[in-house]
Every structure is written in structure tokens, then in C-alpha cells.
Number of protein chains: 2
Amino acid sequence: MASRVAVVGAGPSGLAQLHSFVEARNQGANIPELVCFEKQHDWAGLWNYTWRTGLDEYGDPVHGSMYRYLWSNGPKECLEFADYTFAEHFGKAIPSFPPREVLYDYITGRAKKNNIRQYIQFATAVRWISYDETKETFELIVETLADGSTRTEEFDYVIVGTGHFSTPNVPSFEGFAEFPGRILHSHDFRDAREFAGKNLLIVGSSYSAEDIALQSKKYGANTVTITYRSAPMGFSWPDGIEEVPLLRKLTGSTAHFADGSSREVDAILLCTGYQHCLNFVEESLRLRTANVLYTPNLYKGVFWLGNPKMMYLGMQDQYYTFTLFDVQAWYARDYVLGRITLPPRAEMAADIDAWRTRLDGLADAFEEIDFQADHIADLAKDVDYPEFDLDLTRENFKKWEHDKEASITGYRDRGFTSPCTGSQAPAHHTPWWQELDDSMATFLR
Amino acid sequence: MASRVAVVGAGPSGLAQLHSFVEARNQGANIPELVCFEKQHDWAGLWNYTWRTGLDEYGDPVHGSMYRYLWSNGPKECLEFADYTFAEHFGKAIPSFPPREVLYDYITGRAKKNNIRQYIQFATAVRWISYDETKETFELIVETLADGSTRTEEFDYVIVGTGHFSTPNVPSFEGFAEFPGRILHSHDFRDAREFAGKNLLIVGSSYSAEDIALQSKKYGANTVTITYRSAPMGFSWPDGIEEVPLLRKLTGSTAHFADGSSREVDAILLCTGYQHCLNFVEESLRLRTANVLYTPNLYKGVFWLGNPKMMYLGMQDQYYTFTLFDVQAWYARDYVLGRITLPPRAEMAADIDAWRTRLDGLADAFEEIDFQADHIADLAKDVDYPEFDLDLTRENFKKWEHDKEASITGYRDRGFTSPCTGSQAPAHHTPWWQELDDSMATFLR
């Protein structure tokens with residue numbers, strides 16, 4: 001086999017892809033040449049924390065949206081690698097909601113075990129991906145960032161796993177240009193202590209708004225006002241956090257809301273989500289999608305309908321994360337290895353349509369969880385990804401949703417059962433709302 | 001004439017280039033097809049203020065480094081358009097150090113007069129520039145940002161005027177990852193009032209450090225500590241601004257300096273300069289340079305030695321700005337129009353070498369000013385850029401250097417003589433250090 005496979009990005013998706021190929025080779029398969037391009041200096045994507053914001057040392061957009069004191073907001077028992085359990089990595093049972101450093105250690109632990117690093121070209125940016133119809137190969141314009149050298153390389157397959165939580169969606173409101181304090185998107189949020197003693201305005205009503213509101217209050221913000229467009233999140237917030245209707249405008253440092261109320265704010269945090277930004281991909285190969293559970297034009301959520309040798313990983317809105325990336329990577333791998341043959345285009349399109357029609361009819365988060373679990377099952381049935389108790393993860397997610405309703409500051413204190421080992425997670429030694437130390441050493445103590 | 005010219009960027013350089021062609025046409029010349037690509041929604045480059053930082057609404061790096069309350073830090077009598085004076089634009093004499101809005105109005109005034117806007121494709125990013133040796137044309141991969149559509153266009157000439165104050169040079173220091181406050185580069189600095197009451201650490205010792213230190217103090221910072229690598233700027237700073245040796249590390253919010261001293265700081269502002277970032281240009285055409293008064297590989301400071309149909313404007317370190325861009329644009333135009341023939345490559349290389357050898361021997365700012373004035377004279381002698389008193393601008397710059405030594409808070413209160421009209425600028429109605437209102441209306445009152 002002489003084919004060459006480009007993997008773009010060495011985050012959880014890209015690492016899963018490389019890992020999947022090495023697993024096949026470990027079991028005797030011939031695998032193609034793998035080249036992974038990663039613009040950061042190190043692996044693990046968003047989990048590779050950086051203090052930098054805006055542009056990196058080479059003038060490229062900073063990939064990271066990770067902030068200090070981030071703890072998993074979903075149970076680890078819903079993202080466990082079926083072939084590398086938390087118990088295997090840490091040598092003991094650990095609580096269900098680990099802080100960033102612990103998950104970083106876990107992700108990179110599996111990658112180290114299979115010596116994945118050898119396939120990755122770090123500090124290397126992919127500037128442009130196009131397809132040559134005549135040669136039937138992809139051309140990637142690639143830049144080595146350290147010396148600015150550029151080159152064009154040819155590949156038979158391209159697998160893009162660059163994530164979609166790196167390019168902020170940044171709306172503008174009247175009065176922003178005159179606001180006397182900091183305005184930032186959650187992408188540039190790094191350390192809640194910057195806002196100690198401040199009155200903070202958070203725009204948004206999804207996971208970032210929820211978590212950054214709590215985080216900021218936990219580390220000393222005076223008040224946090226959350227402004228929502230359509231509906232409040234409605235959790236039982238601790239004192240000092242309040243939800244109000246949509247921001248209408250700023251006059252100086254006064255924020256005015258749709259219900260006619262107003263308040264003085266010191267800083268504005270836009271938790272207004274992210275864009276799928278693939279501005280290094282030519283139009284005919286470029287995925288364009290909102291953040292949805294089943295993207296248009298990707299068969300099995302992976303294969304670009306217009307040219308299935310172009311693949312994308314993890315581009316969906318996510319309940320499931322690492323587990324989803326793993327089964328997608330296994331599926332992509334088996335297509336490249338010739339173990340799976342894709343159906344004709346019309347059949348692929350009809351399959352996508354069926355999933356998207358079902359998606360349109362989903363009523364609530366519980367149905368969304370089942371939808372994404374079914375997507376995983378649909379991939380897993382065709383590949384040799386190790387078995388795990390998928391139905392237990394559905395239950396875990398649903399229990400988690402109820403836990404959040406019951407206590408937004410207390411849900412991370414609950415323990416869940418592993419879908420891989422069946423063992424129950426212990427409670428953390430300190431309630432999350434009181435725990436200011438997010439180090440791995442303290443967490444594992 | 002069937003040639004096509006791409007102008008990349010509609011800031012002061014790009015606008016000068018378009019203007020120069022239109023001036024030639026106004027005088028009867030046939031001019032080529034002009035297409036200017038500008039990634040922002042509006043023209044004037046850095047002078048087009050935005051509250052945005054980091055990435056723009058399309059996920060592209062924000063071009064702007066402009067902050068609120070920026071006043072020109074050099075006399076306007078050193079950057080006056082010889083064919084469109086301040087007196088012509090404003091209809092009266094105005095003081096020598098205008099705030100941003102006034103300069104924006106002036107730059108765009110000339111562009112409007114010649115109806116330059118028709119040549120500009122706004123919100124359009126150039127993704128990649130390469131040269132096809134066979135066709136002898138440039139290929140530009142271009143993206144319309146609003147809809148993500150991409151296309152490849154061919155041009156006979158490319159003129160890049162994208163500036164070099166948009167991509168921050170961001171060093172790292174020990175302890176940054178744990179610092180509990182905001183760390184930002186001056187590129188992301190927007191409103192000094194964010195830092196009112198704060199103890200600010202500024203890293204750097206050039207124009208940005210100088211101006212942002214003053215700005216921050218003027219708008220209420222408690223203290224400003226400026227840390228320098230090699231030498232302090234040494235101005236007579238107002239109370240509350242102090243220069244100290246290089247930052248060694250942070251421990252928490254304590255900054256430790258090379259002289260063993262330390263102090264508590266609330267925020268860190270990296271005024272550490274900018275990079276020439278041309279990551280949309282293939283290696284063989286890409287200018288790589290430090291911020292110097294005469295760049296390597298650019299004949300006359302404009303023509304890429306490896307392929308003179310590739311041109312750059314304004315890529316030098318700058319005393320002179322708009323005047324410099326104008327004469328460079330006129331020279332580039334006359335080359336494209338066939339009015340100027342470039343010498344053989346060896347001769348061009350020797351000319352660059354001679355300038356760079358002279359550059360190496362410059363002793364101080366006064367010699368640097370003369371050096372850049374001579375560069376302007378070297379271009380102006382071959383083109384029909386209107387006459388102005390270049391020697392007066394040398395004197396103005398040298399006087400300005402002395403004024404800054406005499407009073408760093410008072411130098412903007414001085415008036416200079418126009419090299420174009422010979423008239424003397426009036427004093428501003430309010431001393432700069434007391435003037436908190438930077439609006440054009442107040443300035444012109």
C-alpha cells in the first residue's frame with residue numbers, strides 16, 4: 001500500500017485517528033504513510049493550556065480556548081476510551097469530574113503508549129487544501145512555522161480534526177466601541193481571578209456561559225449578570241449570579257436589557273459560541289455547518305459527500321466527545337484500509353438526510369443524547385472498536401442532566417459507573433464549589 | 001494594456017497605490033485593471049478603529065492595533081500628502097498632533113476625492129499568493145469572507161501593502177501561565193480606562209511602551225512600571241511612571257526584575273513590537289525582515305529582488321509614513337506603467353547592499369531621519385510626486401526628538417511648519433496631558 005494520509009490536527013480527534021491506525025498495525029495490518037500536521041508545539045489540542053490569547057508566536061490564531069480551573073462539565077464515564085480506561089491509566093479509581101490537567105494526562109497517556117508522537121509534525125500549519133482532479137490527489141500547502149518555509153505535499157486522503165471550539169463567534173452590540181472596560185470572548189478567557197471584585201456581564205446561555213459564570217463567582221467576582229437571547233438557563237444559581245433578558249445596548253459602562261432594566265458592569269464576556277472555521281480548505285471541500293448533532297454533507301458524520309477521501313472528525317455538536325472521535329476515527333481508518341466500502345453517493349446522501357430528519361424532530365436533551373448514542377452505535381457496529389456499555393453512557397448522561405437541574409454547584413460531586421470497567425467512581429475529597437486547587441496532584445490525592 | 005494589478009490591503013499604503021494610478025489616469029495615462037483586496041469591512045487599515053481583539057467575525061486575525069485616545073506621536077507636518085494638504089482637507093490650519101479620528105478623516109478624504117473605493121473588494125481575504133513560472137503570472141487564492149466562497153485569480157503584478165503593525169511579537173516569561181491577571185500585547189490594547197486604579201507592568205521600550213504608559217496614567221492607572229531589556233527610554237516621566245530593568249519572572253502577581261527589585265502588578269502589557277507576517281505568500285516571494293529602515297531583498301525598498309513584479313509598500317521601520325508610502329507607490333506605479341525600467345538583478349542587489357551598509361553605520365536617531373529622508377529623495381527624483389520641502393521635514397523630525405527629550409507629556413503641544421504650504425500650525429486649545437476628549441469635533445473646535 002503506497003497511499004499517504006494527512007491528518008490535520010493532533011488534538012483528541014487527530015490522536016484518535018493516528019492511534020486507530022497503529023492499533024491496526026499492532027494487529028498485523030499494513031498501514032499507509034501517516035503525516036499529522038499540528039500548528040501548536042505540543043499535542044492534545046484544546047487540552048494543551050496556553051496563557052496566550054489572540055495570535056500565537058507565529059502570528060497564527062491561538063487554538064486554545066482552555067481556561068484555568070476548568071473541570072470536566074460531564075462525567076468522565078461518558079468519554080472513556082474503551083481500549084484505555086481511566087483505571088488503567090491512573091492505576092486506581094478516580095472521581096467522575098476531573099480538572100483539565102487530569103484529562104490532558106489521560107489523553108496523552110494513550111498516545112504515548114502507542115508512540116503516536118512520531119507521526120506528528122509540530123509547529124506546522126496547513127495553509128491550503130485543494131484537490132487535483134487529474135492526479136486524484138490532495139495538495140496541501142504546508143508551512144514550517146519556525147522558519148517560514150513552505151511546501152506543497154500530495155496525499156491520497158485527508159482527515160481534518162481541527163476542532164470547532166477555537167474560532168469565536170463574536171457579535172457586536174451598540175455601545176461596544178465606547179465601553180470603558182474589557183470586552184472578550186470566552187475563547188480569550190484564561191483566569192477568573194482577573195475579574196475578582198468586578199461586576200461581570202456574560203452574554204450567552206450555553207455551556208461556556210454557565211461554567212464561566214460559576215468559575216468567576218467562585219474565584220471572587222462581585223456579581224455576574226448573564227444575559228440571554230431566547231431563554232434563561234434557569235439553574236438555581238448561587239448568590240451573586242443572575243440571569244436577565246437580552247442586552248440591548250451599552251451607554252458607557254451601563255448595560256441596558258430588553259426588560260428595561262440596567263446595571264453597571266466592569267467587563268463583558270461574550271460566551272456566544274464558536275464557528276466552524278476551515279479557512280484553509282478550498283470551497284469545494286469545505287464543511288460549512290452550524291453546531292449541530294448531525295452535520296450536512298458528511299456521511300456517517302465523517303465522509304465529505306463531494307469527495308469521501310476528504311474526511312472530518314468531531315465536527316458535530318457534542319454530548320459524546322472522545323468516544324465519538326474514536327468510533328469516527330476507526331471508521332475512517334477502515335475506509336482507508338479498504339475494509340469498508342462506501343455506498344454510492346445518492347445512498348450516502350439519503351442516509352445523511354434520514355439522520356437530519358430525525359434530528360429535526362428531537363424534543364429535548366434526553367432525545368439528543370439517544371440520538372448521538374445511536375450515531376455512535378451506527379459506526380461501532382461496522383468496526384472493531386472495543387465493546388463498552390453504550391447504554392450505560394446514555395443513562396449516565398441523563399442522570400447528569402438531572403443532577404445539574406438539582407444543583408448547578410453540586411453536580412460535579414456525584415460519581416458515575418464506568419461503561420468500560422463497571423466500577424463506581426469515588427467521591428472527590430472536597431466539594432467542587434469549595435475546591436480552588438485544580439492541580440492533578442491535589443485531585444489524585 | 002491588458003495587465004492586471006493586485007493590491008493587497010486598503011490601508012495608507014494600498015490607498016496610496018490606487019490613488020497614484022488614478023492620478024496618472026487623470027493626467028491622461030492608460031492604467032491597468034486594479035483589484036484591491038481588503039479583509040476588513042472598511043478602508044484605512046490601522047486607522048479604522050475596532051473594539052474587536054484577537055479574531056474578527058470571520059475567524060481571521062483582527063488587523064487593528066489602534067487604541068482609543070491615540071494621538072499622532074509625530075507631527076503631521078512629517079506625514080502630509082504633497083498633493084492633498086491638511087489645509088485643503090480641513091479648510092483651515094489645525095494643530096500638529098491630531099488624534100486618530102482626524103487622521104482617519106484626512107486619509108480617507110483623499111481617497112474619496114479620487115473615488116478610490118470602486119477598486120476595493122472589502123471583506124475579502126487573500127489566502128495564498130504564488131507565481132506560475134510557465135504562465136508568468138501570479139495566482140492569488142482569494143476568499144469572500146461573507147459566504148466563504150474561494151477562487152483563484154491571475155495577476156501580472158502584485159503589490160502588498162498589508163502593514164507590519166498587526167502581528168504581535170509576544171515573548172513569554174517564567175510565571176506567565178500562573179499570573180492571576182490579564183496579560184495582553186499592545187495589539188490587543190483598546191481602552192486605557194480598563195486599567196484605572198491598577199498597577200500596570202509594561203514590557204518594552206519603544207513607541208508603544210512610551211505611549212501606552214502615558215495613556216494609561218492619563219486615564220487613571222495607579223502606577224505604571226516599564227521594564228526594559230537593554231536601556232531605559234529615559235524620559236522625564238510624570239509621577240507614577242517608572243522604568244526598571246528587565247523582568248526576570250513572575251511569582252503569582254509579583255514581578256521580579258533583573259536588579260533584584262520586585263513589585264505587585266495587576267496586569268501585564270507586552271509592548272514588545274510586531275512581526276512582519278506574510279503567511280499568505282509562498283516562500284519564494286515572501287519578505288522576511290526585522291523592523292529596519294532598509295529591508296533586505298527589496299530594491300528601492302519596494303521591488304522583490306527575486307521577482308520585481310512582486311512589490312511591497314511600507315515594510316520599513318518608519319519615521320516617515322504617508323509620505324514614504326506615497327513615493328513608493330508612485331515608483332511602483334511607474335514601473336507597472338513602463339515609465340521606469342529596473343536595472344539588472346546584480347545592480348539592484350548592489351544598490352540594496354549600499355543602502356544597508358550605510359544603515360549599519362548610523363549612529364543615532366538624527367542620522368536615521370536623514371537616512372530615511374534620503375531614501376524618499378532617491379525615489380522622488382524619478383517620479384512626478386508633487387514637490388514638497390523634504391529638508392523641512394528633516395528639521396521637523398529633529399526638533400520633535402528634542403521636544404520629546406524636553407517634555408514627554410508636553411511635546412504634542414508644539415506646532416510645526418508645513419512642508420507643503422509653509423504655514424505654521426496653531427497651538428491646540430488644551431494641553432495634551434490635560435485633554436481627555438480625543439474626538440475630531442473637539443479637536444477642530
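Q: Is the crossing of helix 1 of chain B and helix 5 of chain B left-handed or right-handed?
A: Keep in mind that this is a predicted model. Helix 1 (residues 12-26) of chain B packs against helix 5 (residues 322-336) of chain B at about 50°, with the axes 8 Å apart. That angle makes helix 1 of chain B oblique to helix 5 of chain B. As for the hand of their crossing, it's right-handed.

Q: How many nonpolar residues does the contact of helix 1 of chain B with helix 5 of chain B have?
A: Helix 1 of chain B brings in residues including P12(B), A16(B) and F21(B), while helix 5 of chain B offers F322(B), F325(B) and W330(B), among others. Sorted by class, the contact has four polar and three charged residues, and the nonpolar ones number ten.

Q: Which C-alpha in chain B is nearest the axis that relates the two chains?
A: Turn chain B by 180° with 0.0 Å of shift along the axis, and it superposes on chain A with an RMSD of 0.0 Å. So you're looking at the relation of a two-fold axis. The C-alpha of chain B nearest that axis sits 1.9 Å from it, and it belongs to G54(B).

Q: How far apart in sequence are the parts that the pair of W47(A) and F322(A) ties together?
A: These two rings form an edge-to-face pair, 6.2 Å centre to centre with 70° between the planes. W47(A) lies in the loop between strand 2 and helix 2 of chain A, and F322(A) is in helix 5 of chain A, so the pair ties together parts whose separation in sequence is 275 residues.

Conventions. Residues are numbered from 1 along each chain as its sequence is written. Chains are lettered from A and ligands numbered from 1 in the order in which they are written. This is a predicted model: local features need pLDDT of at least 70, side-chain atom pairs count only at pLDDT 80 or more; totals for chains, interfaces and linings use all residues. Side-chain values use heavy atoms; hydrogens and water are left out. Axes are lines fitted to C-alpha atoms, for helices over the stretch in contact, and angles run from 0 to 180 degrees between N-to-C directions. Helices (H or I, at least four residues) and strands (E, at least two) are DSSP runs, numbered from the N terminus. Angles under 35 degrees count as roughly parallel, over 145 as roughly antiparallel, 65 to 115 as roughly perpendicular and the rest as oblique. A crossing is left-handed if the near helix is turned anticlockwise from the far one by less than a right angle, and right-handed if clockwise. Contact means heavy atoms within 4.5 Å. Ala, Val, Leu, Ile, Met, Phe, Trp, Tyr, Cys and Pro count as nonpolar, Asp, Glu, Lys and Arg as charged, and the others, Gly among them, as polar. Copies are superposed by least squares on the C-alpha atoms of residues with pLDDT of at least 70 in both. Rings of Phe, Tyr and Trp (its six-membered ring) pair if their centres lie within 6.5 Å; planes under 30 degrees apart count as stacked, over 60 as edge-to-face and the rest as tilted.
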